[in-house]
Amino acid sequence: NTGSSADPIDGTVAQALTMLEIESNTYTPSRSDGVNVASSSAESFMYYRIGKIVHFKGRLKITPTASSTLTRVDLALPHSVTLSSVTSLTGTMVNTIDEITTPIQTIGPLLNQARISFTATTTSEYLLLIDCMYVMP
């Protein structure tokens with residue numbers, strides 16, 4: 001091997017990576033503020049996809065309008081797909097105010113969003129650490 005730009009090993013690796021459909025990027029998920037949300041913002045979201053498996057994570061800030069109330073925001077997925085069931089997406093969020101870890105689920109009827117919900121204990125801004133994955137149909 002002389003290190004030329006036509007290196008057969010590099011070409012084979014590139015072909016294998018293309019076949020696996022490996023992709024990663026940052027994204028800003030669109031949000032739908034559901035209930036008890038004065039404001040919300042998404043930051044530092046990133047995803048990677050290997051074949052049909054998509055993993056995404058990021059930080060979501062939510063300021064509730066009232067305490068002791070269910071609070072909900074729906075996030076768009078990094079790849080716009082319709083998942084087959086509410087169990088097609090799995091994930092967790094860590095609520096940094098109450099230090100509680102909560103499961104995340106998809107929502108219907110189109111099953112194309114991640115539903116973030118928790119009971120707010122204060123009207124202070126929450127920082128939620130989101131970590132999810134799903135399998136594309």
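Is Glu-43 buried, exposed or partly exposed? Select it and keep that in mind: Glu-43 is partly exposed, because its relative accessible area is 25%, and buried would need a value under 20%. Please remember on this tour that the model is predicted.

**Stop 1: the partner of Glu-43**

Now add Lys-61 to your selection. Lys-61 and Glu-43 form a salt bridge, with 3.7 Å between the closest N and O atoms. Lys-61 sits in strand 4 and Glu-43 in strand 3, so this pair ties together parts that are 18 residues apart in sequence. With a relative accessible area of 23%, Lys-61 is partly exposed.

Stay in strand 3 for a moment and click on Ser-44, which belongs to that strand. What is phi here? For Ser-44, phi is positive, about 55 degrees, although the residue is not a glycine. As background, most residues other than glycine have a negative phi. Ser-44 counts as exposed, its relative accessibility being 58%.

A second residue of this kind is Ser-68, where phi is near 55 degrees, again positive without being a glycine. You will find Ser-68 in the loop between strand 4 and strand 5, and at 63% relative accessibility this residue counts as exposed.

**Stop 2: more salt bridges**

How many salt bridges are there? The count comes to five. In general, side chains of opposite charge can pair when their charged atoms come close.

Select Glu-21 and Arg-49 next: their side chains meet in a salt bridge with an N to O distance of 2.3 Å. Glu-21 lies in the loop between helix 1 (8-20) and strand 1 (22-26), while Arg-49 is in strand 3, so the pair ties together parts 28 residues apart in sequence. Glu-21 is partly exposed at 43% relative accessibility, whereas Arg-49 is buried at 11%. Add Glu-23 to see the network of salt bridges that links Glu-21, Glu-23 and Arg-49.

Then move to Asp-74 and Arg-115, whose side chains meet in a salt bridge at 3.0 Å, N to O. This pair links distant parts of the chain, with Asp-74 in strand 5 and Arg-115 in strand 8, 41 residues apart. Asp-74 counts as buried at 5% relative accessibility, and Arg-115 as partly exposed at 23%.

**Stop 3: a nonpolar patch on the surface**

Switch to a surface view and colour Leu-20, Ile-22, Met-46, Tyr-48 and Ile-50. Together these make a nonpolar surface patch of about 430 Å². Which strand gives the most to the patch? Strand 3 does, with three residues. Ile-50 is found in strand 3 and is partly exposed, with a relative accessible area of 41%.

**Stop 4: His-55**

Hide the surface and centre on His-55, in strand 4. His-55 is buried, with a relative accessible area of 16%. Show Asp-131 as sticks too: a polar contact of 2.5 Å joins the side chains of His-55 and Asp-131. Beyond residues up to four places away in sequence, His-55 touches Met-46, Tyr-47, Tyr-48, Asp-131, Cys-132 and Met-133. Two of these names, Met-46 and Tyr-48, also appear in the nonpolar patch.

**Stop 5: the largest nonpolar core**

Which residues touch the most other members of the largest nonpolar core? Select Phe-56, Leu-60, Leu-89, Leu-128, Ile-130 and Tyr-134, out of 28 core residues. The elements giving two or more residues to this core are strand 3 (37-50), strand 4 (53-64), strand 5 (69-76), strand 6 (89-95), strand 8 (113-120) and strand 9 (126-135). Strand 9 gives the most, with five residues.

Zoom in on Leu-60. Leaving out residues up to four places away in sequence, its contacts include Phe-45, Val-73, Leu-75, Ile-116, Leu-128 and Ile-130. Arg-31 and Ser-41 are among the residues that Leu-60 touches as well.

**Stop 6: a buried asparagine**

Finish at Asn-95, in strand 6. Asn-95 counts as buried, at 3% relative accessibility. What does its side chain reach? One target is the backbone nitrogen of Ile-97, at 2.9 Å. The backbone nitrogen of Asp-98 also lies 2.9 Å from a polar atom of the Asn-95 side chain. Apart from neighbours within four places in sequence, Asn-95 is in contact with Ile-100, Phe-118, Tyr-126, Leu-127 and Leu-128.

How values were computed: Residues are numbered from 1 along each chain as its sequence is written. This is a predicted model: local features need pLDDT of at least 70, side-chain atom pairs count only at pLDDT 80 or more; totals for chains, interfaces and linings use all residues. Side-chain values use heavy atoms; hydrogens and water are left out. A nonpolar core is a set of buried Ala, Val, Leu, Ile, Met, Phe, Trp, Tyr and Cys residues joined through side-chain atoms within 4.5 Å. Buried means under 20% relative accessible area, exposed over 50%, partly exposed in between (1.4 Å probe, protein chains only). Helices (H or I, at least four residues) and strands (E, at least two) are DSSP runs, numbered from the N terminus. Contact means heavy atoms within 4.5 Å. A polar contact is a pair of N or O atoms within 3.5 Å; within protein, one must be able to donate a hydrogen and the other to accept it, and residues adjacent in sequence count only if both atoms are side-chain atoms. A salt bridge is a side-chain nitrogen of Lys or Arg within 4 Å of a carboxyl oxygen of Asp or Glu. Patches are made of residues with over 30% relative accessible area and no salt bridge: like charges are joined within 9 Å, nonpolar side chains (Val, Leu, Ile, Met, Phe, Trp, Tyr) within 5 Å. Accessible areas come from the Shrake-Rupley method with a 1.4 Å probe; for residues, only the protein chains shown count as cover.
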